[in-house]
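Got the viewer open and a selection box ready? Load the model below and we'll walk through it stop by stop.

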Amino acid sequence: MLYTHLLKNILISVTTVLGLMGADILGGSIIIEKVFALPGIGRLLIDAINFRDFPLVQGIALYLAGVVVLLNLLVDFSYSILDPRIRGDK
């Protein structure tokens, strides 16, 4: 009984932290791909910066920003699923 009341309030915080961690993982992947010489979008970004390919840098930055925005949108939608009080249906 106690767990059902606690989960409603705790899941909102956990969802927020998971969404923020997803954005941090995207940023950290750039460094990890360069350090371990893994192919990926992070390495492509670093190579584009080194070769001064500004349109590619702008495209990758736009793509990563779009992924972060979509991730935040999914987190916001999950709030209304987890806690019906947030919906505001009256």
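Start with contacts across the whole chain, where contact means heavy atoms within 4.5 Å. Among contacts in the protein with a separation of 6 or more, 48% come from residues 24 or more positions apart. Before you click on, two housekeeping notes. This is a predicted model, in which local features need pLDDT of at least 70 and side-chain atom pairs count only at pLDDT 80 or more, while totals for chains, interfaces and linings use all residues. Residues are numbered from 1 along each chain as its sequence is written, and side-chain values use heavy atoms, with hydrogens and water left out.

Now switch to cartoon view. You'll find three helices and zero strands, running α-α-α from the N terminus on; helices here are DSSP runs of H or I with at least four residues, strands are runs of E with at least two, and numbering goes from the N terminus. The protein is more spread out than a compact globule, because its radius of gyration is 18 Å, well over the 12 Å that the globule rule gives for 90 residues. That radius is taken over C-alpha atoms, and the rule is 2.2 Å times the number of residues to the power 0.38. Draw a box along the principal axes and the C-alpha atoms fill roughly 60 × 30 × 15 Å.

Turn on the surface next. The protein exposes about 7,000 Å², with carbon and sulfur atoms supplying 73% of it; areas come from the Shrake-Rupley method with a 1.4 Å probe, and for residues only the protein chains shown count as cover. Of the 90 residues, 17% count as buried, where buried means under 20% relative accessible area, exposed means over 50%, and partly exposed is in between (1.4 Å probe, protein chains only).

Time to zoom in. Select Thr15, in helix H1 (residues 2–35). Thr15 is buried, with a relative accessible area of 14%. Which residues does Thr15 contact, leaving aside neighbours within four places in sequence? Show Val75, Ser78, Tyr79 and Leu82.

Keep Tyr79 on screen and add Ile86, in the segment after helix H3 (54–82). Beyond its neighbours within four places in sequence, Ile86 is in contact with Ile12 and Tyr79. Ile86 is partly exposed, at a relative accessible area of 44%.

Slide along helix H1 to Leu26. Leu26 is partly exposed, with a relative accessible area of 24%. Not counting residues up to four places away in sequence, Leu26 touches Leu64, Val67 and Val68. Try the distance tool on Leu26 and Val67: they are 41 residues apart in sequence, and 8.9 Å apart in space, C-alpha to C-alpha.

Leave Leu64 displayed and pick Ile30, also a helix H1 residue. Is Ile30 buried or exposed? It's buried, with a relative accessible area of 17%. Ile30 touches Gly42, Leu45, Ile46 and Leu64, again skipping residues up to four places away in sequence. For another distance, take Ile30 to Ile49: 19 residues apart in sequence and 12 Å in space, C-alpha to C-alpha.

Still in helix H1, select Glu33. Here's a charged side chain to look at: Glu33 is buried yet has no salt bridge, and the nearest side chain of opposite charge, Arg43, is 7.6 Å away. A salt bridge would need a side-chain nitrogen of Lys or Arg within 4 Å of a carboxyl oxygen of Asp or Glu. Outside residues up to four places away in sequence, Glu33 touches Leu38, Gly40, Ile41, Gly42 and Arg43.

Last up, the loops; have your torsion readout ready. Most residues other than glycine have a negative phi. Click Ala37, in the loop between H1 and helix H2 (41–50): its phi is near 55 degrees, a positive value in a residue other than glycine. Ala37 counts as partly exposed, at 48% relative accessibility. Then jump to Arg52, in the loop between H2 and H3. Phi of Arg52 is near 55 degrees, also positive in a non-glycine residue, and Arg52 is exposed, with a relative accessible area of 60%.

Technical notes
Lys and Arg count as positive and Asp and Glu as negative; His and the chain ends are not counted.
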